[in-house]
Amino acid sequence: MWAPQQREAIPRLLLEWYRVHGRPMPWHDTPHPYHLLVAAIMLQQTQVQTVLPYLRRFLHRFPTVQTLAQAKEDEVLHYWGGLGYYSRARNLHRAAQQIVQQYGGRVPCEATQLRQLPGVGEYTAGAVASIACGKPEPALDANGYRILARLLAFEGEVSRPTHRRQLWEACRQVIPEQAPGDFNQALMDLGATVCTARHPRCLVCPLAEHCSAFQQGRQMDLPVLPPRRASEKVQDVCVVIECDRRWLMVKRTNGQLWRGMWEFPRVRLEEGETIEQAAARAAAMTGAQMSDAAPSGIVRHSVMHYAITLHVLRGRARVQPPQENGQLRWVTPEEATALPLPSPVRKVIQTLMSGSDTPG
Ligand code: SF4
């Protein structure tokens with residue numbers, strides 16, 4: 001796949017560039033396998049600058065595999081709150097328990113063993129094995145795939161597993177035995193700062209002389225991406241039911257996305273239904289009836305390919321308010337913010353708390 005001069009020059013030039021321009025990362029000087037495992041899982045789907053404050057907070061609360069393994073899922077989700085893609089947090093929690101049982105609390109260094117852990121794919125396994133353990137394993141994220149596809153002028157669609165495997169193998173051929181972790185981080189950093197998706201800065205790129213896409217003037221056409229799926233607009237309605245200065249919140253028990261997290265009762269607006277009717281339906285799911293329901297704001301957010309407009313209505317519990325159980329709680333605003341909450345629910349609470357009144 002590589003021309004002989006590419007094989008020799010690319011790792012050398014990339015490492016030289018990284019020593020000067022690499023982004024400082026908290027794990028750079030003392031790469032600990034557990035810290036890398038948490039960081040790499042957080043970095044799946046989320047950008048570095050967003051991840052760093054969450055990573056600090058998470059590792060402060062769960063400094064070791066053992067502390068994470070022993071924690072309650074609710075608390076783990078709480079410390080993940082705002083990062084999204086919560087199945088990552090649930091998997092990381094289970095991975096910590098598996099590491100305690102199977103490896104006595106030490107994160108394994110072999111990529112094959114790492115890949116057996118819940119939620120650990122090739123990227124995460126490669127990042128831990130190379131950066132924390134010095135193993136010559138590729139760790140390709142979207143940045144890495146993009147750079148390799150451009151360097152090689154690779155024509156395959158990069159989201160396809162066969163094409164990913166080919167690029168993975170290509171990376172294996174150039175990853176150096178010495179400093180494989182730096183090589184992987186250099187690819188991530190070059191992709192984030194120089195070889196970006198929309199504005200590759202080829203004139204300052206250390207690899208330009210060896211980049212087939214640049215030499216052919218095709219850097220903007222590569223990598224080949226799948227056709228974009230248009231986002232679907234939908235409307236949801238949630239109800240903030242109040243009683244004795246408390247709000248009624250429910251725990252999600254289904255779905256991969258927000259399972260185990262807390263929210264206000266919520267439904268999707270059906271065709272021909274008014275927002276008030278949907279609000280009554282959302283309240284009825286909990287056995288509650290609401291009076292004086294009034295609009296209290298709109299929160300917009302996106303989940304997967306849905307662009308969601310969330311209508312928030314606020315009212316009082318009528319007659320007998322529903323009793324608490326494992327999936328239903330009456331909470332003060334302060335208690336609500338301590339629960340594991342999806343980001344849109346945090347935004348709803350901010351809207352409620354920035355309003356003139358608190359529950360009454
Ligand atoms: Fe990316 Fe341009 Fe560098 Fe090629 S020369 S790796 S396209 S920035």
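A disulfide here is a pair of cysteine sulfur atoms within 2.5 Å. Keep that cut-off in mind as we walk through this predicted model, since the cysteines are a handy place to start.

A search of the whole structure turns up 1 disulfide. The bond runs between C109 and C133, with the two sulfurs 1.9 Å apart. That places the pair inside the cut-off, because a disulfide needs its sulfurs within 2.5 Å. The torsion about the S-S bond is about -70 degrees, so the disulfide of C109 and C133 is left-handed. Both partners sit in loops: C109 is in the one between α6 and α7, while C133 is in the one between α8 and α9 (142–152), and the two are 24 residues apart. The bond therefore links distant parts of the chain. As for solvent, C109 counts as partly exposed, at 28% relative accessibility.

What about C238? It takes part in no disulfide, and the nearest cysteine sulfur, that of C243, is 18 Å away. C238 is also buried, with a relative accessible area of just 2%. Look at things from the side of C243 and you get the matching story: the closest cysteine sulfur is in C238, 18 Å off, and that is too far for a bond.

Now step back for the overall layout. The chain has 360 residues, and buried ones make up 51% of them. Its secondary structure comes to 15 helices and 7 strands. Taken along the principal axes, the C-alpha atoms fill a box of roughly 80 × 50 × 35 Å. Among contacts between residues at least 6 apart in sequence, 68% join residues at least 24 apart.

The chain is divided into domain 1 (4–215) and domain 2 (232–354). Their C-alpha centres lie 36 Å apart. How do the two meet? On one side 9 residues of domain 1 take part, in contact with 17 residues of domain 2.

Next, the interior. The largest nonpolar core has 53 residues, and the members that touch the most others are Y34, M42, F58 and W80. Several helices give two or more residues to this core: α2 (33–43), α3 (48–61), α4 (65–70), α5 (73–80), α6 (87–103), α7 (111–114) and α8 (122–132). Of these elements, α2 gives the most, with 9 residues. Interestingly, the core draws at least three residues from each of domain 1 and domain 2.

M42 is a good spot to zoom in on. Setting aside neighbours within four places in sequence, M42 is in contact with V51, Y54, L55, F58, W80, L83 and R88. Two of the names in that list, F58 and W80, are fellow members from the group that touches the most others. Apart from this core lies another one, of 36 residues, among them I147, A149, L152 and A186.

For a look at helix packing, turn to α9 and α11 (residues 180–193). Their axes are 8 Å apart and the angle between the helices is about 80 degrees. That makes α9 roughly perpendicular to α11. Where they meet, N143, R146 and I147 come from α9, and L187, M188, L190, G191 and A192 come from α11.

A few individual residues round out the tour. V48 sits in helix α3 and counts as buried, at 14% relative accessibility. Leaving out neighbours within four places in sequence, V48 is in contact with R23, M25 and L43. V48 and M25 are 23 residues apart along the chain, and their C-alpha atoms are separated by 9.1 Å.

R259 lies in the loop between β2 (246–251) and β3 (262–263). Is R259 buried or partly exposed? At 31% relative accessibility, R259 counts as partly exposed. Beyond its neighbours within four places in sequence, R259 is in contact with L77, R90, R252, T253 and N254. R259 and P342 are 83 residues apart in sequence, but 9.9 Å apart in space, C-alpha to C-alpha.

Last comes T332, in the loop between β7 (328–331) and α14 (333–338). T332 is buried, with a relative accessible area of 17%. Again setting aside neighbours within four places in sequence, T332 is in contact with R245 and R246.

Methods:
Residues numbered from 1 in each chain as written. Predicted model: local features only at pLDDT ≥ 70, side-chain atom pairs only at ≥ 80, totals over all residues. Heavy atoms only, no water. Core = buried A, V, L, I, M, F, W, Y, C linked by side-chain atoms within 4.5 Å. Buried < 20%, exposed > 50% of the residue type's maximum accessible area, 1.4 Å probe, protein only. Helix = DSSP H or I, 4+ residues; strand = E, 2+ residues; numbered from the N terminus. Domains from an automatic or database assignment. Contact = heavy atoms within 4.5 Å. Axes fitted to C-alpha atoms, helices over the stretch in contact; angles between N-to-C directions. Parallel < 35°, antiparallel > 145°, perpendicular 65-115°, else oblique.
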